[in-house]
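Me: I'd like to practise reading a structure from its overall features. Could you walk me through one?
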Amino acid sequence: MAEFQVVVADPDDGTTHQFEIEGGDANRFMGREIGEEVDGGAVGLDGYTLEITGGSDDAGRPMREDVAGENLRSVLLTGGVGYNPTRDGERKRVSVRGRQISEATRQINARIAERGDTSVAELLGLDDADE
């Protein structure tokens, strides 16, 4: 059974919210790819739409949008997700995950693409005094 930690970013106010999901809610993410949209009801944000922006597996290897599938791939990178070169022209072969969410994925990064009628704070039961 799939189990994920979903980190949802709210671009309007710059906050992030973390959710642990499993079972049927986790199945809504299975087989989806980076850039696809998912119903926010899976994480308790009813009426919202979330866009998948990335993720990582249990070993911390990042998902890359330019790698097809769900498996590990060893790719030669010059920069971007998974590798930050320290010199001009530097390249490195790095193991990364493909762009598709699978059983091996542990963390999913997402952002709010479309807002619902109710605010995020109300849906999550957050008080303004806590901020």
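Reply: Sure, let's start with charge. This is a predicted model, and its protein chain carries 14 positive and 28 negative side chains. The centres of those two sets sit 15 Å apart.

Me: How many helices and strands does the protein chain have, and what pattern do they follow along the sequence?
Reply: You'll find two helices and seven strands. Read along the sequence, they go β-β-α-β-β-β-β-β-α. As for dimensions, the C-alpha trace spans about 50 × 35 × 20 Å along its principal axes.

Me: What share of the residues is buried?
Reply: The general idea is that nonpolar side chains tend to be buried together in soluble globular proteins. Here, buried residues account for 34% of the 131 in the chain. On the outside, about 7,500 Å² is exposed, with carbon and sulfur atoms supplying 39% of that.

Me: Which residues touch the most other members of the largest nonpolar core?
Reply: That core has 22 residues, and the best-connected are Phe-4, Val-6, Val-8, Ile-21, Phe-29 and Val-43. Strand 1 (3-10), strand 2 (15-22), strand 4 (49-57) and strand 7 (105-114) each give it two or more residues. There's also a second, separate core of five residues, including Val-67, Leu-77, Val-94 and Val-96.

Me: What does Val-8 contact, leaving aside its neighbours within four places in sequence?
Reply: Among its partners are Thr-15, His-17 and Phe-19, along with Val-43, Leu-50, Ala-110 and Ile-112. For the chain as a whole, take contacts between residues at least 6 apart in sequence: 57% of them join residues at least 24 apart.

Note on methods
Residues are numbered from 1 along each chain as its sequence is written. This is a predicted model: local features need pLDDT of at least 70, side-chain atom pairs count only at pLDDT 80 or more; totals for chains, interfaces and linings use all residues. Side-chain values use heavy atoms; hydrogens and water are left out. Helices (H or I, at least four residues) and strands (E, at least two) are DSSP runs, numbered from the N terminus. Buried means under 20% relative accessible area, exposed over 50%, partly exposed in between (1.4 Å probe, protein chains only). Contact means heavy atoms within 4.5 Å. Accessible areas come from the Shrake-Rupley method with a 1.4 Å probe; for residues, only the protein chains shown count as cover. Lys and Arg count as positive and Asp and Glu as negative; His and the chain ends are not counted. The place of a charge is taken as NZ of Lys, CZ of Arg, CG of Asp or CD of Glu. A nonpolar core is a set of buried Ala, Val, Leu, Ile, Met, Phe, Trp, Tyr and Cys residues joined through side-chain atoms within 4.5 Å.
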